[in-house]
Amino acid sequence: MAWSASKIFMATIEDILENTTAMDLNSDTFKAALYDNDITPSQTVTSANTAYNAGQWVSSGNEVYDGSEWAQGGVALSSVASGFSSNVYTFDAADTVSTGSSATLANVYGCLVYDDTITTPVADQGLCFNYFGGANSVTDGTFTIAWSASGILSITA
């Protein structure tokens, strides 16, 4: 089936609400790891299968990276902020940019946003996955994830 939408992992929301995980959306380190179109992301997987390098998100074969420009395991999000406004909870960050200007990445369809800080209930638990609308590539340039003006994710209360 492959990529078709951006979603928040249901298991992660449940883990946060039931205090199974102590994910802090304001101070933890979050990363965005890039993936090709050979996976089928699902929002209904178990907590363990939301994690980076588990389930669909295994690093071998499906993750797209370029050495130090966009490292395996992803690039850390910067200027992370979250909170409520007009009954909508938003998690956002500055646009995520490759660490140099000579990245070469091909067939990038989306990313996994995961918490690189927590270890319980699983290490590197995924928060959401974001579909980029099709194949994206850069050759010897800068790769940028321009997050939506509505944030990386939002939940309406």
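This text walks through a sheet, some aromatic pairs and one buried residue in the structure above. The model is predicted.

Start with the sheet. Strands in a sheet pair through backbone hydrogen bonds, and the pairing can be parallel or antiparallel. Here, three strands make an open sheet. Their order is S5-S6-S11, and the pairing is antiparallel. Which strands sit at the edges? They are strand S5, residues 81–85, and strand S11, residues 153–156. Each of these edge strands pairs on one side only. From one strand to the next, the twist averages 15°.

Now look at one pairing in detail. Strand S6 covers residues 88–92. S6 and S11 are joined in the antiparallel sense over four bridges. Find Val 88 to see where a bridge falls: its partner in S11 is Thr 156.

Next come the aromatic rings. How many aromatic pairs does the structure hold? The count is 11. Take Trp 70 and Phe 143, which form an edge-to-face pair. Their ring centres are 5.6 Å apart, with 85° between the planes. Trp 70 lies in the loop between strand S3 (63–64) and strand S4 (75–76). Phe 143 lies in the loop between strand S9 (126–141) and strand S10 (144–145). The two residues are 73 apart in sequence, so their pair ties together distant parts of the sequence. Both Trp 70 and Phe 143 are buried.

Phe 84 and Tyr 89 form another edge-to-face pair. The distance is 5.3 Å centre to centre, and the planes meet at 65°. Is Phe 84 buried or exposed? Its relative accessibility is 59%, so Phe 84 counts as exposed; the cut-off for exposed is over 50%.

Aromatic residues also gather in a group. Trp 3, Phe 9, Tyr 35, Trp 57, Phe 129 and Tyr 131 form one aromatic cluster.

Finish with Asn 130, in strand S9. Asn 130 has a relative accessible area of 9%. Buried means under 20%, so a residue below that value qualifies. Asn 130 is therefore buried. What does its side chain lie 3.3 Å from? A polar atom of that side chain is this far from the backbone oxygen of Ile 152. Asn 130 also has contacts beyond its neighbours within four places in sequence. Among them are Trp 3, Ser 6, Tyr 109 and Gly 110. Cys 111, Val 113, Trp 147 and Ile 152 are in contact with Asn 130 as well.

Definitions and conventions: Residues are numbered from 1 along each chain as its sequence is written. This is a predicted model: local features need pLDDT of at least 70, side-chain atom pairs count only at pLDDT 80 or more; totals for chains, interfaces and linings use all residues. Side-chain values use heavy atoms; hydrogens and water are left out. Two strands pair if DSSP finds at least two bridges between them. Axes are lines fitted to C-alpha atoms, for helices over the stretch in contact, and angles run from 0 to 180 degrees between N-to-C directions. Rings of Phe, Tyr and Trp (its six-membered ring) pair if their centres lie within 6.5 Å; planes under 30 degrees apart count as stacked, over 60 as edge-to-face and the rest as tilted. Buried means under 20% relative accessible area, exposed over 50%, partly exposed in between (1.4 Å probe, protein chains only). A polar contact is a pair of N or O atoms within 3.5 Å; within protein, one must be able to donate a hydrogen and the other to accept it, and residues adjacent in sequence count only if both atoms are side-chain atoms. Contact means heavy atoms within 4.5 Å.
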